[in-house]
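Let's walk through this model together, from its cores to its cysteines and a pair of packed helices.

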Amino acid sequence: QIVVATAMVYFHRCAEQWAREAARDVPPHRSQDMAVACLFLAAKVEEHQQRIRDVLNVTHLVDRGEELSDSTLYWRLKEQ
């Protein structure tokens, strides 16, 4: 739970900074990428080490209802 709370704080700080600099809200397609990055970073900071593949698998499963079975899709998502 602490990882999720930390990720939420990071997300809100990033969104505030984005809004301040760009004078507009974070676009929806970027907010999901930013949320995944914040979750991964929070796991590292709070010492609940997770591989990026695990984080991408879970977020893809929640978003689309299926696991990443194709490694090409994994690498494309990882390189975003």
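The paragraphs below take up the nonpolar cores, then the cysteines, then one helix pair.

Please keep in mind that this is a predicted model, in which local features need pLDDT of at least 70, side-chain atom pairs count only at pLDDT 80 or more, and totals for chains, interfaces and linings use all residues. Residues are numbered from 1 along each chain as its sequence is written, and side-chain values use heavy atoms, leaving out hydrogens and water.

The largest nonpolar core has 7 residues: Val3, Ala7, Tyr10, Met34, Cys38, Ala42 and Ala43. A core here is a set of buried Ala, Val, Leu, Ile, Met, Phe, Trp, Tyr and Cys residues joined through side-chain atoms within 4.5 Å, where buried means under 20% relative accessible area, exposed over 50% and partly exposed in between, with a 1.4 Å probe and protein chains only. Helix H1 (2-22) and helix H2 (28-45) each supply at least two of its residues, and H2 gives the most, with 4.

Which cysteines form disulfides (sulfur atoms within 2.5 Å)? The whole structure has 0 disulfides. The sulfur of Cys14 lies 4.4 Å from its closest cysteine sulfur, in Cys38, too far for a bond. Cys14 is partly exposed at 34% relative accessible area, whereas Cys38 is buried at 5%.

Finally, look at H3 (residues 52-64) and H4 (residues 71-78), DSSP runs of H or I with at least four residues. Their axes, lines fitted to C-alpha atoms over the stretch in contact, are 11 Å apart at an angle of about 100 degrees. The two helices are therefore roughly perpendicular, a label for 65 to 115 degrees.

Key
Axes fitted to C-alpha atoms, helices over the stretch in contact; angles between N-to-C directions. Parallel < 35°, antiparallel > 145°, perpendicular 65-115°, else oblique. Disulfide = S-S within 2.5 Å.
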